[in-house]
Amino acid sequence: MTFKKLSQYFFLLEQNSSRLKITEILARLFAQAGEEEIDKICYLSLGRLLPSYRGLEFQMAEKMMQKAIAKAFGIDQEKVLRRYQEKGDLGLVAEEFKEEFKGKKQALLFGEDKPVGDGETLWVYEELLAVANEAGEGSVERKIGKMASLLGKLDGLSVRYIVRILLGKMRLGFSEMTVLDGLSWMITGDKSLRLLTEDAYNVVADVGEIARNIKASKGIEGLRKIKPKLGTPIIPALCQRIGTAEEIVEKLGKIAVEPKYDGTRLQVHLRKQGVSIFTRNLENVTHMFPDIVQALKKEVKVEEAIFDGEGLGIDPKTKKYLPFQETIKRKRKHNIASTAKEIPLKYFVFDILYENGESLIKEPFEKRRKILAQTVSAKGKVICLSPQILTSDPNKLRQYHDEQIKNGLEGIVAKKWQSVYEPGRRGFHWVKLKQEMTKKGGGLADTVDCVIMGVTRGKGKRAGFGVGSFLAGIRKNDKYVTITNIGTGLSDEQFKDLNKRSKKLKIKEKPRMYLVDKNQEPDTWLEPEIVAEIQADNITKSSIHTAGVALRFPRLIRFRDDRDPSQATTLGEVEKLYGMQFGNEGG
Ligand code: ATP
């Protein structure tokens, strides 16, 4: 497919906001794509070059892009800037200049380069990859040169999207899930394969790989064949909430009860060629944990495996676990080796999902745990088998829970002994019980992870911080709905930090996926990026918040830099929490 044709599809997608329509357009696009290019087309439509876990940050700075545009069309950078100030979108600016430039002799600018108008998608993709991969001395100039050359060669519409992709601002208004629906639609003409495609994505978090499999096997068989793949993250299983020990046992039967660690979820892929470590956000953080990488060689008795567990910082003096915020410090610090000494880490492994060529996710936990116990020792210095008790007695569960709280942990996770591993699901196979849930009266059963949708200036003392409150939302399918406005619980530092970050994330207009009541509109809209964990006293019905419910007496617990917006709490989950206030556990 030519990139010109692909851009026409992008244009169509941009013109439509109905999810159904978008799905249908994507299906047509995918049907036309060849087997060798469909994965790239999936990534490009999401505004990326690679699956998100590969984390190739190819974003070009705006200034750099302005230079590339100026160079491509032989104009002054000032002129580009002025047009950009008018339009607010460098993609449109580049497209306009391209149209104005039409007919002029491009060869003058690029010597031997001939305008190629209809570049093939694969060719354009390789060019973009080359821009992204430029590094080292002189790379800025080389990036600008390559980009300018590409802009000169493509048609106006292609130029619009190329610029947006490279700026990280594609924003066609849909996520991986809609791409999966598009693939289902391509096979059956409807979304009926959604569960299958989503299951496949949960096992191999790479829409491109799934699309390629479908194309290669001409349909549904490609989905059924998906198995965990070393090096590609599996979306981690999550926990449900149940308020009391009795109900947990009633619902799950025989359970393994484990401490609920308040650290960082880490999925470790061990293979002969090396190790990859992913966070719950599918971010590759291998380089941040050299201690785990080294310890694997010494402490683990297996050649190839995928482990699931939690990394926890340990205070070298008191030997106690460090709070979450301290543990993730090493993620932010540059000098990882010295931080690794300062904050030694223990990796508590609580599951094994793959071993020496075999997927274990369909095996019952009983069997997985047996294999895990043969692989990882409870006495490991760094890599350590998570302790657990087996029981069907609510009193034992409660007692174990109280012990964990005494030890400074968050609570417990109860796991159905006979259950399979459910990638990406918040199912009733794993249930968490935290301190605040068991407290009688006051406080919601759990905190809510909200996306910060916008900020409003402060008054009085807070005027100095730049931000006085923020609008917080939760997920409703592909959209975000508001649930509260928060101005309390933030330290001065957090206000300042939020102000700094909002400068980078601010956007002119309300994004399409934000559903916000007119009266709740903030001073400044932010791109969905920051996730805030919020505690509240209770949830009430609301006519001003588009969630239909609102958090009462909300306060910020912390910014969750380990989460991305696609993992924010959903409206369905909040509705369950709402029901739990009246003793209705849901589920
Ligand atoms: P919370 O906000 O309550 O910390 P969460 O939003 O981090 O929860 P949940 O799905 O509620 O995510 O709980 C699962 C998380 O609990 C996992 O992502 C993992 O990081 C953590 N966890 C700690 N200990 C365990 C354990 N023993 N087994 C499974 N997950 C555990």
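The following exercises, each with a worked solution, concern a predicted model.

Residues are numbered from 1 along each chain as its sequence is written, and side-chain values use heavy atoms, with hydrogens and water left out. Local features need pLDDT of at least 70 and side-chain atom pairs count only at pLDDT 80 or more, whereas totals for chains, interfaces and linings use all residues.

**Exercise 1. The shell around the ligand**

Determine which residues come nearest to the ligand and how the shell divides by residue class.

Solution.

Step 1. A residue is near the ligand if one of its heavy atoms lies within 4 Å of it. Of the 21 residues around the ligand, the nearest are R265, E310, K432, K434 and R563.

Step 2. The shell comprises 14 charged residues, seven nonpolar and no polar ones. In this scheme Asp, Glu, Lys and Arg are charged; Ala, Val, Leu, Ile, Met, Phe, Trp, Tyr, Cys and Pro are nonpolar; the others, Gly among them, are polar.

Step 3. Strands are DSSP runs of E with at least two residues, helices runs of H or I with at least four, numbered from the N terminus. At least two shell residues come from each of β1 (238-241), β2 (255-260), β10 (411-416) and β11 (426-434). The most, four residues, come from β11.

Step 4. An automatic or database assignment sets the domain bounds, giving domain 1 (47-167), domain 2 (241-436) and domain 3 (448-580). Domain 2 and domain 3 each contribute at least three residues to the shell; their C-alpha centres lie 30 Å apart.

**Exercise 2. Polar atoms facing the ligand**

Find the distances from side-chain atoms of K260, R280 and K434 to ligand oxygen atoms, and state how much of the ligand area the protein buries.

Solution.

Step 1. A polar contact is a pair of N or O atoms within 3.5 Å; within protein, one must be able to donate a hydrogen and the other to accept it, and residues adjacent in sequence count only if both atoms are side-chain atoms.

Step 2. A polar side-chain atom of K260 is 3.2 Å from a ligand oxygen. For R280 the corresponding distance is 3.0 Å, and for an N or O atom in the side chain of K434 it is 2.4 Å.

Step 3. The ligand taken alone exposes 610 Å², of which the protein buries 97%. Areas follow the Shrake-Rupley method with a 1.4 Å probe; for residues, only the protein chains shown count as cover.

**Exercise 3. D446 and T197**

Establish whether D446 and T197 are buried or exposed, and identify their side-chain partners.

Solution.

Step 1. Buried means under 20% relative accessible area, exposed over 50%, and partly exposed in between (1.4 Å probe, protein chains only).

Step 2. D446 occupies the loop between α22 (435-438) and β12 (448-456). Because its relative accessible area is 1%, D446 is classed as buried. Its side chain makes polar contacts with the side chains of R241 at 2.5 Å and K434 at 3.1 Å.

Step 3. T197, in helix α12 (residues 194-203), has a relative accessible area of 0% and is therefore buried. Its side chain reaches the backbone oxygen of R194 at 2.9 Å.

Step 4. Contact means heavy atoms within 4.5 Å. Not counting residues up to four places away in sequence, T197 touches L180, S184, I210 and L223.
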